[in-house]
Amino acid sequence: MDSRGFILLQLVVLWSLATTAFSLSPYYYQNICPQALPTIRKVVEAAVYKERRMGASLLRLHYHDCFVNGCDASLLLDPSPTIDSEKNSRANQNSARGFEVIDAIKAEVDQVCGRPVVSCADILAVAARDSVVALGGPSWQVQLGRRDSTTASRAQADTDLPSPFLDLPALINSFKNHGLNERDLVALSGAHTIGFAQCFTFRNRIYNATNIDPAFAVERRATCPLTGGNTNLAPLDPTPAHFDTAYFNNLVKQMGLLISDQALFSGGSTDDLVNTYKLYPQVFWYDFAQSMIKMGNIKPLTGDQGQIRANCRLVNYY
């Protein structure tokens with residue numbers, strides 16, 4: 001082998017080692033702090049037991065974090081002179097919730113581990129999984145080893161977080177921009193089998209849409225007037241505290257709450273998959289778990305990138 005070939009081989013080996021060293025793993029905390037994951041689960045279960053809606057809120061935090069510059073806990077950073085907080089973005093302001101639960105998890109995990117070794121980004125990923133399980137949904141092995149960002153971007157959040165008013169082509173394109181395909185889109189949208197939405201996000205649909213069940217529209221108008229009541233809540237499906245397939249049943253009946261929900265079943269390329277998930281819950285569970293793992297792998301900070309925050313709301317400056 002000539003010298004150029006040897007150098008190329010060395011570079012390939014070094015790249016392989018670096019990739020292996022900094023790749024995520026479900027066993028990342030096994031030796032660093034084996035009590036980390038059980039502690040997260042305990043706090044999540046207590047929070048969901050206290051308020052069932054919290055499960056959906058914690059799941060949404062992970063999703064809204066990953067879609068903005070990757071799964072790096074940038075969403076958790078409070079506004080400051082140097083942080084244009086994503087909490088103030090259109091999709092998150094007066095909407096994203098559960099931050100106090102993440103704070104409680106962080107405090108307990110750091111106590112059992114003896115120091116800050118578990119990233120806030122990993123806490124979000126694990127809390128999302130544990131919330132789904134607490135509400136009767138599937139489990140999966142969360143890939144771990146993410147680190148926390150030192151920046152946030154409200155402008156990027158405004159650009160990257162899909163609006164509830166998007167049609168199917170726009171939704172497909174939004175997910176494609178994050179390396180997610182149509183199957184991921186439909187599976188992850190199934191997260192709307194739990195939780196609630198505010199009136200302003202579905203008012204246009206219940207008053208103006210033609211692809212909506214008339215009785216359903218009338219029912220929703222009772223708590224979402226044409227003017228006012230913007231923050232009034234309605235369930236995203238009939239069983240908002242149980243992770244099931246009622247969401248997909250609703251779509252087939254033209255009873256999707258959001259425009260972006262019903263877009264998944266309106267004569268487009270995702271209709272067949274909606275029907276599959278409606279008929280075969282085990283397929284939905286499997287695909288949802290796989291898509292959550294895939295979403296959790298969006299641009300993580302690893303190795304020496306970022307930091308492990310001592311407080312999930314603040315960047316470490318020491």
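## A tour of the helices around α3 and α4

Begin by selecting α4 and α5, whose axes come within 10 Å of each other and cross at roughly 115°. That angle makes α4 roughly perpendicular to α5, since angles of 65 to 115 degrees are counted in that class. The crossing of this pair is right-handed. To see the residues that meet, show the side chains of I102, I105 and K106 in α4 together with C120, I123, L124 and A127 in α5. The model on the screen is a predicted one, and every value quoted along the way should be read with that in mind.

Keep α4 (99–113) selected and add α2 (36–50). Here the two helices pack at an angle of about 150°, with their axes 9 Å apart. That makes α2 roughly antiparallel to α4, because the class takes in angles over 145 degrees. On the α2 side the contact is made by A36, T39, I40, K42, V43, V44 and A47, and on the α4 side by V101, A104, I105, E108, V109, V112 and C113. Like the pair at the start of the tour, α2 and α4 pass each other in a right-handed crossing. It is worth pausing on I105, which belongs to the contact with α2 and also to the set of α4 residues that meet α5.

Next, select helix α3, residues 53–66. Its 14 residues should span 20 Å at 1.5 Å a residue, and its end C-alpha atoms are 21 Å apart, which agrees. How many of the 14 residues of α3 are buried? The helix is mostly covered, with 11 of them buried, and these are M54, G55, A56, S57, L58, L59, L61, H62, H64, D65 and C66. If you now colour the surroundings by element, you will find that the buried residues of α3 pack against α2, α4, α5 (120–134) and α14 (281–295).

With α3 still selected, bring back α4 for the third helix pair of the tour. The axes of α3 and α4 come within 10 Å and cross at roughly 80°, and the two helices are therefore roughly perpendicular to each other. The residues in contact are M54, L58 and L61 of α3 and F99, E100, V101 and I102 of α4. In α4, V101 also takes part in the contact with α2, while I102 is one of the residues that meet α5.

From α3, follow the chain into the loop that leads to α4 and select A73, which lies in that loop. A73 has a positive phi of about 65° although it is not a glycine, and at 0% relative accessibility it counts as buried. A useful counterpart is K299, found in the segment after α14, which has a positive phi of about 45° although it, too, is not a glycine. Is K299 buried or exposed? At 54% relative accessibility, K299 counts as exposed, the cut-off for that class being over 50%.

Now move to I194, in the loop between α8 (182–189) and β1 (196–198). With 1% relative accessibility, I194 counts as buried. Which residues does I194 contact, leaving aside its neighbours within four places in sequence? They are G55, A56, L59, L135, L236, P240, H242 and F243; among them, G55, A56 and L59 belong to the buried residues of α3. A distance drawn from I194 to F243 shows their C-alpha atoms separated by 6.0 Å, although the two residues are 49 apart along the chain.

Turn then to α14 and select S291, which is placed in that helix and counts as buried at 3% relative accessibility. Not counting residues up to four places away in sequence, S291 touches R183, D184, A187 and L188. R183 is 108 residues from S291 in sequence and 8.2 Å from it in space, C-alpha to C-alpha.

For a last stop, select E219 in helix α10 (residues 214–221). At 47% relative accessibility, E219 counts as partly exposed. A distance drawn from E219 to W285, 66 residues apart along the chain, gives 29 Å between their C-alpha atoms.

To finish, select residues 23–316, which UniProt lists, in an unreviewed entry, as "domain: Plant heme peroxidase family profile". Over this range the chain is 46% helix and 2% strand, and the end C-alpha atoms are 24 Å apart.

Conventions. Residues are numbered from 1 along each chain as its sequence is written. This is a predicted model: local features need pLDDT of at least 70, side-chain atom pairs count only at pLDDT 80 or more; totals for chains, interfaces and linings use all residues. Side-chain values use heavy atoms; hydrogens and water are left out. UniProt positions are given in the numbering used here, feature names are shortened, and annotations may be inferred rather than shown by experiment. Helices (H or I, at least four residues) and strands (E, at least two) are DSSP runs, numbered from the N terminus. The expected span of a helix is 1.5 Å times one less than its number of residues. Buried means under 20% relative accessible area, exposed over 50%, partly exposed in between (1.4 Å probe, protein chains only). Contact means heavy atoms within 4.5 Å. Axes are lines fitted to C-alpha atoms, for helices over the stretch in contact, and angles run from 0 to 180 degrees between N-to-C directions. Angles under 35 degrees count as roughly parallel, over 145 as roughly antiparallel, 65 to 115 as roughly perpendicular and the rest as oblique. A crossing is left-handed if the near helix is turned anticlockwise from the far one by less than a right angle, and right-handed if clockwise.
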